[in-house]
Amino acid sequence: MATGKGDGKSALWQNERLRFIICFCGVFVCYFYYGILQETITRGEYGQGETKEKFRYATTLVFIQCIINALFAKILIQFFDRSKHDHTKSWLYGACSLSYLGAMVSSNSALQYVNYPTQVLGKSCKPIPVMILGVTILRKKYPLAKYLCVVLIVTGVALFLYKPNKGASSMDDHLFGFGEMLLLMSLTLDGLTGVAQDHMRARYQTGANHMMLNVNLWSILVLGLGVLWTGEIWEFLGFADRYPGIIYNIMLFGLTSALGQTFIFMTVVYFGPLTCSIITTTRKFFTILGSVLLFGNVMSNMQWVGTVLVFLGLGLDAKFGKVPKKTTH
């Protein structure tokens, strides 16, 4: 009877439609909630009256996230990749962790200066630095459709960021400009991380779980030294002591990030990178919609047009902008 039940569960999991629903819901729910938690933590106000405080511990937040990611990756290796040996050079993981860290800290810090829809839209432009670095460093060749999709994305971002009224104060302009610079830095570092990961996969056949574990372990080492050196960890602990509810949100934030990564890997394995790209692009659009509805981040008609153009470009890129196999070596 036990064997029959086991066979039934296995057959149920082999159902492609059910598997797709699980992967889609996993990615969508985890990262949708991840986005809500990220905005709640970084843009929320703590305290009342004159004692109101803002969360200003982006480095410590990434440090905790890396610890949770590393623990999750270790569990996955123990259950699924125990027999697989990793031959990747340790210094490559260290170098990759620096760009990975810089991208995450810059992205979280940007939320202190720009709203969440702007951050999501900015991070959606990742194909731009990846393509630029691919052409300049890896000497890749891309089809014409790829360039047309990037033009759509750039046009959409330009429309989203354009502000026709100049009545805002100079202080607002400065803050907006600084947040935009942080997003640009995050995008560039994301592109460098992608180049490093492509190199590791091509040369050492590095598995996703081993990469996730080792990059996060290096990140924990670097960030641990950083938060101790600056004293931010002690300031964060004092902040958490005053507002203990934030610990629950941060733990959930790290857990949804790690679970979301797992569902993304499952989607790539079972349905391929194209389906995964379409799911993540759809998720980002609804994350922006959720942020507008839940947090009151008002967007103009021009910004909505820009948002649609960006996601149209991303969708077309997923479908038509892939590099032919013969051009990559």
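A nonpolar patch is made of residues with over 30% relative accessible area and no salt bridge, the nonpolar side chains (Val, Leu, Ile, Met, Phe, Trp, Tyr) being joined within 5 Å. A salt bridge is a side-chain nitrogen of Lys or Arg within 4 Å of a carboxyl oxygen of Asp or Glu. The structure is a predicted model, in which local features need pLDDT of at least 70, side-chain atom pairs count only at pLDDT 80 or more, and totals for chains, interfaces and linings use all residues. Residues are numbered from 1 along each chain as its sequence is written, and side-chain values use heavy atoms, with hydrogens and water left out.

The chain contains twelve helices and two strands, where helices (H or I, at least four residues) and strands (E, at least two) are DSSP runs numbered from the N terminus. Of its 329 residues, 46% count as buried, that is, under 20% relative accessible area, whereas exposed means over 50% and partly exposed in between (1.4 Å probe, protein chains only).

On the surface, Leu98, Trp218, Leu221, Val222 and Leu225 form a nonpolar patch of about 460 Å². Accessible areas come from the Shrake-Rupley method with a 1.4 Å probe; for residues, only the protein chains shown count as cover. Helix H9 (residues 208–230) gives the most to this patch, with four residues. Leu98 belongs to helix H4 (residues 90–110) and is exposed, with a relative accessible area of 51%.

Helix H5 (residues 116–123) is largely enclosed by the rest of the structure, because eight of its eight residues are buried. Among these buried residues are Tyr116, Val120 and Lys123.

Technical notes. Patch = residues over 30% accessible without salt bridge, like charges linked within 9 Å, V, L, I, M, F, W, Y side chains within 5 Å.
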